[in-house]
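Grab your viewer and let's work through a few exercises on charged side chains. Each one comes with a solution, step by step.

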Amino acid sequence: MPDIERRTATHGDERALAAIDYATWSTQVSPAPLWPRETPFFDDRTTPENVLLAHEDNAVLGYVKLRPSPMPASSGHVQEINGFAVGPNHQGRGIGHLLLDAARNKAIERRARRITLRVLGTNTRAQSLYLAHGYRVEGRLVGQFLIRNSYVDDVLMALHMD
């Protein structure tokens, strides 16, 4: 994939990132209801410096949100993935692998010892990708979400980098 590059997002990427976020939403990947299309991508916790993206020919293909743990005083050594998507037309090209590698490298640069994430139990494709990158299941909140009249587990995964 020589033409696909990775970089940190900028405010100018917001519309493209929001479009990917919206296009990839489903009950298989998110317990939250679909938000209005015009919802901003960046907010007080999701800032451009915490979003790594893959792009090709100036088109954003996908992203991973990597941000510090919400409790930095006691878990400053932890980064969390709190958003990860590849545009529907670009899935299956290895872009997810590139983004997870970029997230790991950025976490090391930030002196993190682990990366955590949460994934729906129904999202087995994402779980397989994370497992392939060394993430391990550390917990499961059984029936945490009620989605379309079915109880869905919240799977807690982590990558240890020590």
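**Exercise 1.** Find how many salt bridges there are in the whole structure, and work out which parts Arg67 and Glu80 tie together.

*Solution.* Step one: searching the whole of this predicted model turns up eight salt bridges. Step two: pick the one between Arg67 and Glu80, where the closest N and O atoms sit 3.2 Å apart. Step three: Arg67 belongs to strand β3 (residues 59-68) and Glu80 to strand β4 (residues 78-86), so this pair links parts 13 residues apart in sequence. Step four: check burial, and both Arg67 and Glu80 come out buried.

**Exercise 2.** Take Lys106 and Glu109: decide whether each is buried or exposed.

*Solution.* Start with the contact: their side chains form a salt bridge, N to O at 3.2 Å. Both are in helix α3 (residues 95-109), three residues apart, which puts about one helical turn between them. Now the accessibilities: Lys106 has 18% relative accessible area, under the 20% cut-off, so call it buried. Glu109 has 57%, over 50%, so that one is exposed.

**Exercise 3.** Do likewise for Asp154 and Arg118, and say which strands they lie in.

*Solution.* First, the distance: the closest N and O atoms of this salt bridge are 2.2 Å apart. Next, the strands: Asp154 is in β7 (residues 150-160) and Arg118 in β5 (residues 114-120), so the bridge ties together parts 36 residues apart in sequence. Last, accessibility: Asp154 is buried at 2%, while Arg118 is exposed at 54%.

**Exercise 4.** Which residues do salt bridges with shared partners join into one network?

*Solution.* Follow the shared partners, and you get Arg45, Arg67 and Glu80 in one network.

How values were computed. Residues are numbered from 1 along each chain as its sequence is written. This is a predicted model: local features need pLDDT of at least 70, side-chain atom pairs count only at pLDDT 80 or more; totals for chains, interfaces and linings use all residues. Side-chain values use heavy atoms; hydrogens and water are left out. A salt bridge is a side-chain nitrogen of Lys or Arg within 4 Å of a carboxyl oxygen of Asp or Glu. Helices (H or I, at least four residues) and strands (E, at least two) are DSSP runs, numbered from the N terminus. Buried means under 20% relative accessible area, exposed over 50%, partly exposed in between (1.4 Å probe, protein chains only).
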